[in-house]
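Here is a quick walk through one protein chain, written for someone who likes to have the coordinates open alongside. Load it up and follow along.

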Amino acid sequence: MTDNKICDGRVVIVTGAGRGIGRAHALAFAAAGAEVVVNDLGAELDGAPSPDSPAAQVVEEIKALGGEAVVNGDDISDWEGARRLIATAVETFGRLDVLVNNAGIVRDRMLVNLGEDEWDAVIKVHLKGHFAPMRHAAEYWRNESKAGRRPEARIINTSSGAGLLGSVGQGNYAAAKSGIAGLTLTAAAEFARYGITVNAIAPAARTRMTETVFADMMAAPEDGFDAMAPENVSPLVVWLGSADSAGVTGRMFEVEGGKVTVADGWRHGVSVDRGARWEPAELGPVVRDLLSKATEPEPVYGA
């Protein structure tokens, strides 16, 4: 453990914390002094059950370093499972301060070949799996606020460059991650009155999901700084989970290696207003003129 305990005494939930970026988050929060609920189904990449328990291994790692942690194996995309997840933190450690929504799966396929079950599974785990824990956590914090115990609560969601820019072969994943961006903005606006900030990250790092899709980009170097190590993402998440991040809310951060970027999302651009209804045939030159003045969009991943 380090002496930099910026989350000392805080209680943190990290979903999907058995492996990859989630595991890195859990260990980093513990190193920063937090007590951690390590949530993971022990699932394979496609969501199927696994005979081992990665979450239990992470808890043992944290305890071996002198930290406090507990396993939660609930399905975050199940309404009652998400409720039990929040209860695990409160019942085990007496409170909850931070929710990190990280869990996810992929079912990559070109849209023309994408099956309904593959769409539903990814949307459920990512989008409902963000909403359900957030909803129950916010209810807990709202009750705390109404009882005169205004929290310094933090929610950190996990979007993706795919959600911000699109990604060929990942239409379901991109849609879910884009939805998380919109959900983050709405939650930040709604929850501020209760002492809750809500931000999101779009990380680039080596995980089971990325190392097969972007094998060359994600390969570890033989020496030097490993820019794609998942541990590079966690310092920002820990800071966002700390009391020091008060006032930072409704923001999307891209994180890759040692680079942190504040994403500049959808905003009103160039426009023209004739003060009356347009005829369809009139709009061709109008739209082309607007597009000539507008900033070119970033390219879609894989295009």
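What follows is a short tour of helices, cores, salt bridges and surface.

## Before you start

Keep in mind that this is a predicted model.

## Helix 1 and its cover

Helix 1 (20–31) is a good place to begin. At 1.5 Å a residue, its twelve residues should span 16 Å, and the end C-alpha atoms sit 17 Å apart, which agrees. The helix is mostly covered, with nine of the twelve residues buried. Those nine are Ile21, Gly22, Ala24, His25, Ala26, Leu27, Phe29, Ala30 and Ala31.

What does the covering? The cover over the buried residues of helix 1 includes strand 1, strand 2, helix 2, strand 4, strand 6 and helix 9. Just past the end of helix 1 comes Gly33, with a positive phi of about 100°.

## Two nonpolar cores

The largest nonpolar core counts 30 residues, and Phe29, Val36, Val38, Ile62, Val100 and Ile201 have the most contacts inside it. Two or more residues each come from strand 1 (11–14), helix 1, strand 2 (35–39), helix 2 (54–64), strand 4, helix 9 (234–240) and strand 7. Helix 1 gives the largest share, five residues.

Val36 is worth a click if you want to see this core from the inside. Leaving out neighbours within four places in sequence, Val36 is in contact with Val12, Val14, Ala26, Phe29, Ala30, Ile62, Glu68, Ala69, Val70 and Phe93. Apart from this core lies another one, of 24 residues, and among them are Ile86, Ala137, Tyr140 and Tyr194.

## Helix 6

Helix 6 covers residues 171–191, which makes 21 residues. At 1.5 Å a residue the expected span is 30 Å, and the end C-alpha atoms are 30 Å apart, so the two agree.

Which residues of helix 6 are buried? They are Gly171, Asn172, Tyr173, Ala174, Ala176, Lys177, Ile180, Ala181, Thr184, Ala187, Ala188 and Phe191. Helix 4 (116–146), strand 5 (153–158), helix 5 (161–165), strand 6 (196–204) and strand 7 (252–256) are among the elements that cover them.

## Salt bridges

How many salt bridges does the structure hold? There are eleven. One of them pairs the side chains of Asp74 and Arg84, at 2.9 Å from N to O. Asp74 lies in the loop between strand 3 (69–72) and helix 3 (79–93), while Arg84 is in helix 3, so this pair ties together parts that are ten residues apart in sequence. The partners have their own levels of cover: Asp74 is buried, because its relative accessibility of 15% is under the 20% cut-off, and Arg84 is partly exposed at 43%.

Arg135 and Glu139 make another pair, at 3.0 Å from N to O. Both lie in helix 4, four residues apart, or about one turn of the helix. Arg135, at 33% relative accessibility, counts as partly exposed, and so does Glu139, at 28%. Then there is Glu144 with Arg149, where the closest N and O atoms are 2.9 Å apart. Here Glu144 is buried, with a relative accessible area of 18%, whereas Arg149 is partly exposed at 49%. Elsewhere on the list, salt bridges with shared partners join Arg23, Glu61 and Glu231 into one network.

## A buried serine in a loop

Is Ser242 buried or exposed? Ser242 is buried, because its relative accessible area is 0%. This serine lies in the loop between helix 9 and strand 7. Not counting residues up to four places away in sequence, Ser242 touches Ile6, Cys7, Arg10 and Arg154.

## A nonpolar patch outside

Now for the surface. Met110, Val112, Val168 and Val300 form a nonpolar patch there, with about 360 Å² of accessible area together. Val112 is found in the loop between strand 4 (98–100) and helix 4. Why does Val112 count as exposed? Its relative accessibility is 76%, and exposed means over 50%, so Val112 qualifies.

Note on methods
Residues are numbered from 1 along each chain as its sequence is written. This is a predicted model: local features need pLDDT of at least 70, side-chain atom pairs count only at pLDDT 80 or more; totals for chains, interfaces and linings use all residues. Side-chain values use heavy atoms; hydrogens and water are left out. The expected span of a helix is 1.5 Å times one less than its number of residues. Buried means under 20% relative accessible area, exposed over 50%, partly exposed in between (1.4 Å probe, protein chains only). Contact means heavy atoms within 4.5 Å. Patches are made of residues with over 30% relative accessible area and no salt bridge: like charges are joined within 9 Å, nonpolar side chains (Val, Leu, Ile, Met, Phe, Trp, Tyr) within 5 Å. Accessible areas come from the Shrake-Rupley method with a 1.4 Å probe; for residues, only the protein chains shown count as cover. A salt bridge is a side-chain nitrogen of Lys or Arg within 4 Å of a carboxyl oxygen of Asp or Glu. A nonpolar core is a set of buried Ala, Val, Leu, Ile, Met, Phe, Trp, Tyr and Cys residues joined through side-chain atoms within 4.5 Å.
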